[in-house]
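Colleague: I've got a model open on my screen and I'd like to learn how to read it. Could you walk me through it?

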Number of protein chains: 2
Amino acid sequence: MRPSLDTVFAALADPTRRAILSMLLEDDMAVTDVADPFDMSLAAISKHLGILAAAGLISQEKRGRVKWCKLEPDALREASVWMQGFGQFEPVHLDAFERFLAQELDAPADPAA
Amino acid sequence: MRPSLDTVFAALADPTRRAILSMLLEDDMAVTDVADPFDMSLAAISKHLGILAAAGLISQEKRGRVKWCKLEPDALREASVWMQGFGQFEPVHLDAFERFLAQELDAPADPAA
DNA sequence: TCCATATTCAACCTTCAGGTTGACCAACGG
DNA sequence: CCGTTGGTCAACCTGAAGGTTGAATATGGA
């Protein structure tokens, strides 16, 4: 299930989740350790991690009874590249971008079916 | 008030709003014209435009009775910079963009299951 | 075997996002 | 003036997001 831009951007829209990503930038972490600095229940953090994983922004691997969380920057890369299309700040493949544009316009309010 | 990453990412999380941004990439547009391709009430589009404006992603200028919407790509820069922090990867990678394109075109209506 | 640890599940609550509709206001063209 | 067009406002509905709590499900260690 490849994550969509919808889920990626939605995942990034929450400050708690962005903070988690920042933490994971340093190193892989167990769920409990991720939750530690937050004033929030473990269950809530677990949900946040689930959302990040669903967006493809992290991966989770269970070793023993500990679930390790690992940053997966690839999903970010795609979103980043999408954004670059709007800036004149970086060179971009206009032809490819325009194909993408056309596709977006064909199905504007994608019913997420 | 400078828009936060929260509002920018939240604004980008909606496919209708991303489609609107794509449209504005081509040219400035009036609200009614923006709404035209969407199967959605004008009021709804007006709200979407308000959200995009609040996020700083577009600006709106009223001339006569027509309100013109203009893309403001600078707002994306901050978010883009934030995201770059997660890549040890280079600023823009066309390979990545093309992979993204291929995926997007392969399965346009992501089930988001 | 028994208890503690790690994590999720299920049910629930509250807030907000995204949509509708209909009334409303402003500006233009006779 | 007057009707039409462009756009917003206000009230409302529905569903989902983000949080809580408490029970449930491994796994590890003694």
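**Reading the fold, the core and the DNA contacts**

Modeller: Chain A has six helices and three strands. Helices (H or I, at least four residues) and strands (E, at least two) are DSSP runs, numbered from the N terminus. Their order in chain A is α-α-β-α-α-β-β-α-α, starting at the N terminus.

Modeller: Some ground rules before we go on. This is a predicted model, where local features need pLDDT of at least 70 and side-chain atom pairs count only at pLDDT 80 or more, while totals for chains, interfaces and linings use all residues. Residues are numbered from 1 along each chain as its sequence is written, chains are lettered from A and ligands numbered from 1 in the order in which they are written, and side-chain values use heavy atoms, leaving out hydrogens and water.

Colleague: How much of the 113 residues in chain A do buried residues make up?

Modeller: Buried means under 20% relative accessible area, exposed over 50%, and partly exposed in between (1.4 Å probe, protein chains only). By that rule, buried residues are 47% of the 113 in chain A.

Colleague: Which residues touch the most other members of the largest nonpolar core?

Modeller: A nonpolar core is a set of buried Ala, Val, Leu, Ile, Met, Phe, Trp, Tyr and Cys residues joined through side-chain atoms within 4.5 Å. Here the largest one holds 59 residues, and A:Phe9, A:Leu12, A:Leu57 and B:Leu57 touch the most other members. Domain 1 (5-73) and domain 2 (75-106) of chain A each put at least three residues into this core, with bounds from an automatic or database domain assignment.

Colleague: Let's zoom in on A:Phe9. What is A:Phe9 in contact with, beyond its neighbours within four places in sequence?

Modeller: Contact means heavy atoms within 4.5 Å. On that basis, A:Phe9 is in contact with A:Ala79, A:Trp82 and A:Met83, plus B:Phe9, B:Leu12, B:Ala13 and B:Arg18.

Colleague: And what about helix α5 of chain B: which of its residues are buried?

Modeller: An α-helix has 3.6 residues a turn, so residues three or four places apart point the same way. In α5 of chain B (residues 74-84), the buried residues are B:Ala75, B:Leu76, B:Ala79, B:Ser80, B:Trp82, B:Met83 and B:Gln84. Their cover includes α1 (5-12), α2 (15-26) and α5 (73-84) of chain A, together with α1 (5-12) of chain B.

Colleague: Now the DNA. Which residues come nearest to DNA strand C?

Modeller: A residue is near a strand if one of its heavy atoms lies within 4 Å of it. There are 20 residues around DNA strand C, and A:Thr32, A:Ser46, A:Lys67, B:Lys47 and B:His48 come nearest. Of the strand C atoms within 4 Å of the protein, 63% are sugar and phosphate. α4(B) gives the largest share of the surface near strand C, five residues.

Colleague: Which polar contacts should I look up there?

Modeller: For protein and DNA, a polar contact is a pair of N or O atoms within 3.5 Å; within protein, one must be able to donate a hydrogen and the other to accept it, and residues adjacent in sequence count only if both atoms are side-chain atoms. The side chain of A:Ser46 has an N or O atom 2.3 Å from a phosphate oxygen of strand C. B:Arg65 has a side-chain N or O atom 3.2 Å from a base nitrogen of strand C.

Colleague: How far is B:Arg65 from a base oxygen of DNA strand D?

Modeller: A polar side-chain atom of B:Arg65 is 2.7 Å from that base oxygen. On strand D, 71% of the atoms within 4 Å of the protein belong to sugar or phosphate, and a phosphate oxygen lies 2.8 Å from a side-chain N or O atom of A:Ser41.
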